Amino acid sequence: MAHTVLMPQLGISEESAILTAWHVRKGETVKSGDKLFSLETGKSAFDVESEHTGTVLALLAEEGGEIAVKAPVCVVGEAGEQWPAYGPAPAAEAATPAPPALIAADVRGVSPRARRLAEKNDIDPASAAPTGPSGRVIERDVRAFVNARTENERAGITESITPAHDIQTVDYQDKPLSGIRKTIAKTMSASLAAAAQLTHTASFDATRVLEYRGLLKNHPELNGVTLTDMVLYAVTRTLPAFPALNAWLMGDTMRVFSEVNLACAVDTERGLMVPVIFGASKKTLLEISRELKTLAEGCRGGGIDPKLLTGGSFTVSNLGQFGIESFTPILNPPQTGILGVNTITARVREADGEIKTYPCMSLSLTYDHRALDGAPASKFLQTLCKNLESFTALLAG
C-alpha cells in the first residue's frame, strides 16, 4: 500500500516549512526510521523519518521550496505500485509547474483589515510588529509601521547606494535567505520600525562573581555553572521589582507577567535562536544552568520543541565571549526589554590611596520607551549591578 508523507505540523502557529534537503532519491528503498528529508521553520530545523518500509515512489517537492503543513511531500510504497497523483507527474517532473503544496507565507497571520491597509500603503504586512492574538498582525500594527516610516521620511532618513563598479563586471552569487534568517530579518526590522528603543549601559565590579565561579570549579556537580548562568540568575531575581520590563507591550495594553520567563539568545549554524526558560524566577542557579545547556543543545542540534521558542517575557543576549565591550541589543517584540551582556575588562580606581585594577563587566539594557521611562530602566540596571556585586548574598536571599 502506498503511503503519502505529509509536511508535519511543528507548532500551533506554523503554517509552512522549507524543505532544506532530501536524504533519499526516487526509486530508493527505505526502512522505517530512515531519514527522508530535512525541514526548517522560522524557529528551528528537523529531520523527518520514514514510518514505513518500502520504495520511494515519488518526490513531490524540490529542495528550498516552502511547503504548507499537511501537504504531500513524498510517497513510499511497493515498487511499481500506483499512487495518488499529487503534484508533478512522475514522468515529467522537470516540465511540470510547482505542485500546489508550495505556497507563499507572506499572508500568514495577517488580519484582512491589516492586509488592506498594507496594500494601500504599498508595504509588506509581515514587516509590522505583531501584537494581535497568537502573533497575528492586525490593523494597528500596520498603522504603527506606516507612522514610523513617515517620521523617518520627514527626518530625511533615506538610503542612496551607488555601485562602485558596473554591476555587469562584478562577480557575485545570489543566495536565498534561510527560513530562520528571513524570520530574524523581518522581526528585527519590525522591531526597530515600531518600538521607541533606547539603550542604557552600566558596569559593575565582577570580583565577587569571578571568585564564586572559582569556588564552583572545585565541585564536579557545579563545575558547569558559568558567568552567563550567574547573570541570568541575577536577572530573574531583579526583574520582579520592575514589572514594566517583565512585560509585553500590545498596542494600548501592557501584559505584565507574574513570573520571569527568561529568553536566552543562542547562536547556531542556522542563525540566532531564542529559547525560553519558563518560570526562571523560581528556579535555582543550578537548575537555570542545566536548563540553558539543554535548550542550547536542542537549538544547535535542531530538535528543540517549537513551544520553547516563544513566550519569553524578557531576553538576555551575551556577546562577552566575543570580546564585545558594549553593544545595542534589539528588542524581541512584544517584549519591553532585552539585556546585552558584555566582556570583562580591566579598569582602574583609587582604593586606600592607591590606584588598583579590578575586573569590570558592563551590561547594556535596551527598553521600549513607550512602556517605561529612563529612570526605572536605569534603576533596574543599577539594582542588577548591585546584586551581581554581592552575588553570594543574592543567593542567600
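Q: What classes of residue make up the lining of the second largest pocket?
A: The lining holds ten nonpolar, four polar and four charged residues. Ala, Val, Leu, Ile, Met, Phe, Trp, Tyr, Cys and Pro count as nonpolar, Asp, Glu, Lys and Arg as charged, and the others, Gly among them, as polar. The model is predicted, with local features requiring pLDDT of at least 70 and side-chain atom pairs pLDDT 80 or more, while totals for chains, interfaces and linings use all residues. Residues are numbered from 1 along each chain as its sequence is written, and side-chain values use heavy atoms, without hydrogens and water.

Q: Which residues of the lining lie nearest the centre of the second largest pocket, and how much space does this pocket hold?
A: A pocket is an open set of points on a 1 Å grid over the protein atoms alone where a 1.4 Å probe fits, with protein on both sides within 12 Å along at least five of seven lines; lining residues have an atom within 4 Å of a point. The second largest pocket has 18 lining residues, and Thr131, Ala194, Leu249, Gly251 and Arg370 are nearest its centre. Two or more lining residues come from each of α2 (139-154) and α3 (179-194); helices are DSSP runs of H or I with at least four residues, and strands are runs of E with at least two. The space in this pocket is about 260 Å³, a volume being the space filled by probe spheres set on the points.

Q: Why is the second largest pocket placed where it is relative to the domains?
A: Residues of both domain 2 (95-194) and domain 3 (196-395) contribute to the lining, and the pocket therefore lies between them. The domain bounds come from an automatic or database assignment.

Q: Why is Ala206 called buried, exposed or partly exposed?
A: Buried means under 20% relative accessible area, exposed over 50%, and partly exposed in between (1.4 Å probe, protein chains only). Ala206 has 0% relative accessibility and is therefore buried. Its place is the loop between β9 (197-205) and α4 (207-216). Leaving aside residues up to four places away in sequence, Ala206 touches Ile344, Pro359 and Met361; contact requires heavy atoms within 4.5 Å. Ser362, 156 residues from Ala206 along the chain, has its C-alpha 9.4 Å from that of Ala206.

Q: What class of exposure does Asp124 have, and why?
A: Its relative accessibility is 29%, so Asp124 counts as partly exposed. Asp124 belongs to the loop between α1 (112-120) and α2. Between Asp124 and Lys186, 62 residues apart in sequence, the C-alpha distance is 9.9 Å.

Q: What makes the phi values of Lys70 and Asp352 notable?
A: Most residues other than glycine have a negative phi. Lys70, in the loop between β7 (66-68) and β8 (72-77), has a positive phi near 70°. Asp352, in the loop between β17 (337-351) and β18 (354-368), has a positive phi of about 55°. Lys70 has a relative accessible area of 53% and is therefore exposed; Asp352, at 74%, is likewise exposed.

Q: How do you know what kind of peptide bond joins Pro333 and Pro334?
A: Omega is about 5°, and the bond is cis. Most peptide bonds are trans. Pro334 sits in the loop between β16 (314-318) and β17.

Q: How many helices and strands are there, and what share of the residues is buried?
A: The protein has eight helices and 18 strands. Of its 397 residues, 43% are buried.
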